[in-house]
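User: Please take a close look at one loop position and its surroundings. Then set that position in the context of the whole chain.

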Amino acid sequence: MSPRTSPHKLRRRLLLPLGVLALALTALPSGPATAAPAPEPVAVAAVAAFNDDFDGPAGSAVDSAKWQIETGDNVNNHERQYYTAGNRNAALDGQGHLVITARKENPAGYTCWYGSCQYTSARLNTAGRFTQTYGHFEARMKVPRGQGMWPAFWMLGHDIGDPDVGWPASGEIDIMENVGFEPSTVHGTLHGPGYSGSGGIGAAYTLPNGQVFADGFHTFAVDWAPDSITWSVDGQVYQRRTPADLGGRTWVFNKPFFLILNLAVGGYWPGDPDGTTVFPQQLVVDYVKVTTGEGGAGRTGPITGLAGKCVDVAGADPANGTPVQLYECNGTAAQQWTVGTDGTLRALGKCLDVTGNSTADGAGLQLWDCTGGPNQRWAISSARDIVNPQADKCLDVTDNNSANGTRLQIWTCAGTANQKWDTP
């Protein structure tokens, strides 16, 4: 959990009501069992739902078709900056980067909650331009340094502007936050009804060997699937959250969200700048991209893992309860898995299923009629884990045994080779 001592409400004040982006995704059905070799699988790459490489002339503003610029101050968390319009504090550098600059200044006589503003900065969002439900959300950035700096890459629910919803019921997914007094650490957090502000659900990631985030670019990402969100830094997964982590409180993360980038100055959590803080400071963003399973929805092919072998339905038998095993890849229908938008993995017209709806280490995997149950939900992370969110456990080759016929199971995620998979 982020070490906040005050509610984390700073960001809600400037947001505008949003429309809903409907996402119509349809899973393709699996075909019946057959002994004949299946057609070559169609390799469908992840679809880029949103991408900005920030290419353009130095000093130019961001693409207004993708981003809107927020203006004003933020009293809710006692931040010190005034967010300016246009390209004054958010501009392209001509080298493929967006630079958000925080300055100690007040060139236009801005008034903040505490009186005459002392700092300027910028905040951008995709509200009304881009929203997305599920996918891989990633930004490569170099954060600023110094006491009082607070850069963030995060998302808010599209319905935050609805007076019957608002924050925190709209939900918030903090992909990356850094506070200047923790130069080696970033935080990922969920906020929702009953777990907002200092009660948000999250974890921290710290660079090894005393490295500092401000010294170079790093990649911050979440993999978001139905009932599952997984955080990573530079491809290293450091937390995964599911409804089971909320203690019975409402999971509000199965709807569209929009993106936000900002650099705050001061506030309850980071504290205000002091005599050691050097200005200006910059958040440098190399790119922001979102990829999804759309068009990947229904993609079909083998799932390969340990020793290059395939996830296989034993004997190509479509009967309920047939074990799922590791086996030499042979191109048959028993090894052709369809990735569904509903979080299922399907072969021979049925679903990959955790036996007995178990969440225990060692629970076996089988083929079963698709029921929509949580034991048939799977989340595929950028780290190549295939996770059952209900159990928060990984698809695992029993005993790390690569022999043909080894039963597959779920097991506590360990990042080992017998839990790494390449999907269609």
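Analyst: The loop position comes first, then the aromatic groups and the chain totals.

This is a predicted model, where local features need pLDDT of at least 70, side-chain atom pairs count only at pLDDT 80 or more, and totals for chains, interfaces and linings use all residues. Residues are numbered from 1 along each chain as its sequence is written, and side-chain values use heavy atoms, with hydrogens and water left out.

Threonine 84 sits in the loop between strand 3 (81-83) and strand 4 (90-92). Strands are DSSP runs of E, at least two residues, numbered from the N terminus. Threonine 84 is buried, at a relative accessible area of 2%; buried means under 20% with a 1.4 Å probe, protein chains only. Its side chain makes a polar contact with the side chain of asparagine 89, at 2.6 Å. Such a contact is a pair of N or O atoms within 3.5 Å, one able to donate a hydrogen and the other to accept it. Beyond four places in sequence, threonine 84 is in contact (heavy atoms within 4.5 Å) with Ile69, Glu70, Thr71, Asn89, Tyr110, Thr120 and Ser121.

Now the rings. Tyr134, Phe137, Trp224, Trp251, Phe253 and Phe257 form one aromatic cluster. Rings pair if their centres lie within 6.5 Å, and planes over 60 degrees apart count as edge-to-face. Tryptophan 251 and phenylalanine 253 have ring centres 5.1 Å apart and planes at 80°, so this pair is edge-to-face. Both residues are buried.

Now the whole chain. The chain has zero helices and 30 strands. Of its 424 residues, 55% count as buried.

Technical notes: Helices (H or I, at least four residues) and strands (E, at least two) are DSSP runs, numbered from the N terminus. Buried means under 20% relative accessible area, exposed over 50%, partly exposed in between (1.4 Å probe, protein chains only). Rings of Phe, Tyr and Trp (its six-membered ring) pair if their centres lie within 6.5 Å; planes under 30 degrees apart count as stacked, over 60 as edge-to-face and the rest as tilted.
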